[in-house]
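Here is a friendly walk through a structure you can turn on your screen while you read. Keep the sequence beside it and follow along.

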Amino acid sequence: MYEPSPSEAKDDAAARFWHNYCNHLKKHHVPESSRLWYRQRIESYIRLHDGRRLAVHDAADVIDYLNGLGRNPVLETWKIRQAAHALRILFCSMLQMDWCQRIDWSAWNEGIRKLPPDHPTTARDSPLDNECIDRKSVV
């Protein structure tokens with residue numbers, strides 16, 4: 001009897017995962033022309049989490065990721081909204097994670113706006129950094 005190699009089994013599992021995700025995109029009326037972009041948003045999220053199984057992710061992981069996207073000065077707001085929607089479909093619809101209700105998805109959909117690079121909450125290189133942080137103790 002034929003047994004698939006570990007790499008073939010992994011490829012089959014990945015193919016099933018993406019097929020299932022695509023079905024959820026259809027269920028949520030994501031236009032066909034956007035589905036590849038949704039997949040790319042999820043692939044970026046997965047790559048950033050370096051092989052951690054999605055089953056062990058929690059709301060903090062998703063919120064931290066989205067906050068990170070929001071701090072990117074070159075990323076357009078619609079791409080952040082799309083990433084939030086892609087993650088919502090993944091974790092709430094497809095994987096049905098209990099913690100999904102703890103994320104204010106409407107804020108990521110309707111309330112998001114880009115902050116200017118000099119906005120205080122972005123905490124880049126403000127003068128306060130030099131006054132309050134002893135850089136030698138951080139290293």
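## The disulfide

With a pair of cysteine sulfur atoms within 2.5 Å as the rule, the count comes to one disulfide. Please keep in mind that this is a predicted model. The bond joins C92 to C100, with an S to S distance of 2.3 Å. The torsion about the S-S bond of C92 and C100 is about -105°, so this disulfide is left-handed.

Are the two partners buried or exposed? C100 has a relative accessible area of 4%; buried means under 20%, so C100 is buried. C92 has 25% relative accessibility, which lies between the 20% and 50% limits, so C92 counts as partly exposed. Another cysteine, C22, also counts as partly exposed, at 25% relative accessibility.

## The overall layout

If you trace the chain, you will find seven helices and zero strands. From the N terminus on, the order of elements reads α-α-α-α-α-α-α. The chain has 139 residues, and buried residues make up 30% of them.

How do contacts spread along the sequence? Take the contacts between residues at least 6 apart in sequence: 63% of them join residues at least 24 apart. On the outside, the chain exposes about 9,800 Å², and carbon and sulfur atoms supply 53% of that area.

## The nonpolar core

In soluble globular proteins, nonpolar side chains tend to be buried together. Here, the largest nonpolar core has 30 residues. Those with the most contacts inside this core are Y21, V62, L66, L87, L90, F91 and W99. Helices α1 (6–27), α2 (32–48), α3 (59–70), α4 (77–94) and α5 each supply at least two residues of the core. Which helix gives the largest share? That is α4, with nine residues.

L87 is a good residue to click on. Leaving aside residues up to four places away in sequence, L87 touches I42, Y45, V62, Y65, L66, C92 and W105. One of these partners, C92, is also half of the disulfide with C100.

## A closer look at W105

W105 sits in helix α5, which covers residues 105–110. With a relative accessible area of 8%, W105 falls under the 20% limit and is therefore buried.

What does W105 touch? Not counting residues up to four places away in sequence, the partners are V62, L66, A84, L87, R88, C92 and C100. W105 thus contacts both C92 and C100, the cysteines that the disulfide joins. As for R88, it lies 17 residues from W105 along the chain, and the C-alpha atoms of the two are separated by 7.5 Å.

## T77 and N109

T77 is placed in helix α4. Its relative accessibility is 21%, so T77 counts as partly exposed, given that buried means under 20%. T77 and N109 are 32 residues apart in sequence, while their C-alpha atoms are 9.7 Å apart in space.

## The largest pocket

Finally, look for the largest pocket, which has a volume of about 500 Å³. This pocket is lined by 13 residues, and the closest to its centre are A13, A14, F17, R53 and L54. The largest share of the lining, six residues, comes from α1. Helix α1 also supplies at least two residues of the largest nonpolar core.

Terms used:
Residues numbered from 1 in each chain as written. Predicted model: local features only at pLDDT ≥ 70, side-chain atom pairs only at ≥ 80, totals over all residues. Heavy atoms only, no water. Helix = DSSP H or I, 4+ residues; strand = E, 2+ residues; numbered from the N terminus. Buried < 20%, exposed > 50% of the residue type's maximum accessible area, 1.4 Å probe, protein only. Contact = heavy atoms within 4.5 Å. Areas by Shrake-Rupley, 256 points an atom, 1.4 Å probe, with all protein chains shown as cover. Core = buried A, V, L, I, M, F, W, Y, C linked by side-chain atoms within 4.5 Å. 1 Å grid on protein atoms, 1.4 Å probe; cavity = no way out; pocket = protein on both sides within 12 Å on 5 of 7 lines; lining within 4 Å. Points joined across faces, edges and corners; volume = space filled by probe spheres on them.
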